[in-house]
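Grab a pencil and work through these short exercises. Each has a task and then a solution in steps.

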Amino acid sequence: MTGIRFGAPGTEALHLCVDMQRLFGPGSSWAVPWMEKILPAVAELTEVHAARTIFTRFIPPADQGAAIGSWTRYYAVWPQMLRDRLPPEWLELAPPLARHVPPARLFDKQLYSPWPDGRLDGFLRRAGISTLIVTGGETEVCVLATVLGAIDRGYRVILVSDAVCSSADPSHDAAMQIYESRFGQQVETAPLAELLNQWRV
């Protein structure tokens with residue numbers, strides 16, 4: 001079950017782009033090679049709907065002492081990605097996207113999911129948003145956390161199939177299969193061309 005199946009998105013829709021930062025680009029310890037491949041598609045969507053775009057940014061803890069629970073073990077493996085060692089420019093959006101802020105907005109988070117503290121949900125509700133058009137990375141990590149949180153909160157989710165990426169092909173493919181086979185009433189997957197043809201506001 002693919003394609004936009006529940007009607008054309010309109011003024012109730014917003015583009016939520018997940019973690020398209022230099023942090024995951026070339027030269028980073030967390031580089032996602034696919035990010036460069038999907039960047040033109042994300043940039044094209046943003047160009048058309050910049051005022052209806054929110055970019056999430058993954059912000060690591062300031063130092064090892066600021067990590068909690070199992071994140072302490074995680075950052076023991078990746079100490080170079082803590083902010084006390086990381087050049088601050090690595091937190092910025094990929095340049096083709098950064099030029100759209102403003103009118104696009106930034107939303108910073110320290111977890112895979114953008115939902116736990118309620119800020120994003122509150123903003124979207126006040127803005128009358130009920131549909132989220134999701135792009136970014138990684139398909140089975142931060143995108144997955146974003147999509148599942150949106151489902152729990154009742155949002156319609158349209159995942160742009162050629163504008164999400166992963167550093168692992170098998171788990172990307174598995175995640176896409178799960179989106180399409182297990183969340184058929186809550187998640188639609190469609191390529192950018194189909195989305196742009198239908199989302200006209």
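**Exercise 1.** Find which residue stands opposite Val-160, and how the two strands pair.

*Solution.* Start at the residue: Val-160 faces Ala-190 in β6. Keep in mind that this is a predicted model. Now step out to the strands: β5 and β6 (residues 187-190) are paired in parallel, with four bridges. Finally, trace the chain: β5, helix α6 (residues 169-182) and β6 form a right-handed β-α-β unit.

**Exercise 2.** Work out which strand besides β6 pairs with β5, and in what sense.

*Solution.* Look at strand β4 (residues 131-137): six bridges link it to β5, and the two run parallel. For one matched pair, take Thr-131, whose bridge partner in β5 is Arg-156. The connection goes through helix α5 (residues 142-152), and β4, α5 and β5 give a right-handed β-α-β unit.

**Exercise 3.** Decide why β5 counts as largely enclosed.

*Solution.* Use the cut-off first: a residue is buried under 20% relative accessible area. Then count along residues 156-165: eight of the 10 residues of β5 are buried, so the strand is largely enclosed by the rest of the structure.

**Exercise 4.** Do the same for α5, and say what covers its buried residues.

*Solution.* Count again: eight of the 11 residues in α5 are buried, so this helix too is largely enclosed by the rest of the structure. Among them are Cys-142, Val-143, Gly-149 and Ile-151. The cover includes β1 (13-18), β3 (105-109), β4, β5, α6 and β6. Last, check what follows α5: Gly-154 has a positive phi, near 85°.

Notes: Residues numbered from 1 in each chain as written. Predicted model: local features only at pLDDT ≥ 70, side-chain atom pairs only at ≥ 80, totals over all residues. Heavy atoms only, no water. Buried < 20%, exposed > 50% of the residue type's maximum accessible area, 1.4 Å probe, protein only. Pairing = 2+ DSSP bridges. Right-handed = clockwise from strand over helix to strand, strands pointing away. Contact = heavy atoms within 4.5 Å.
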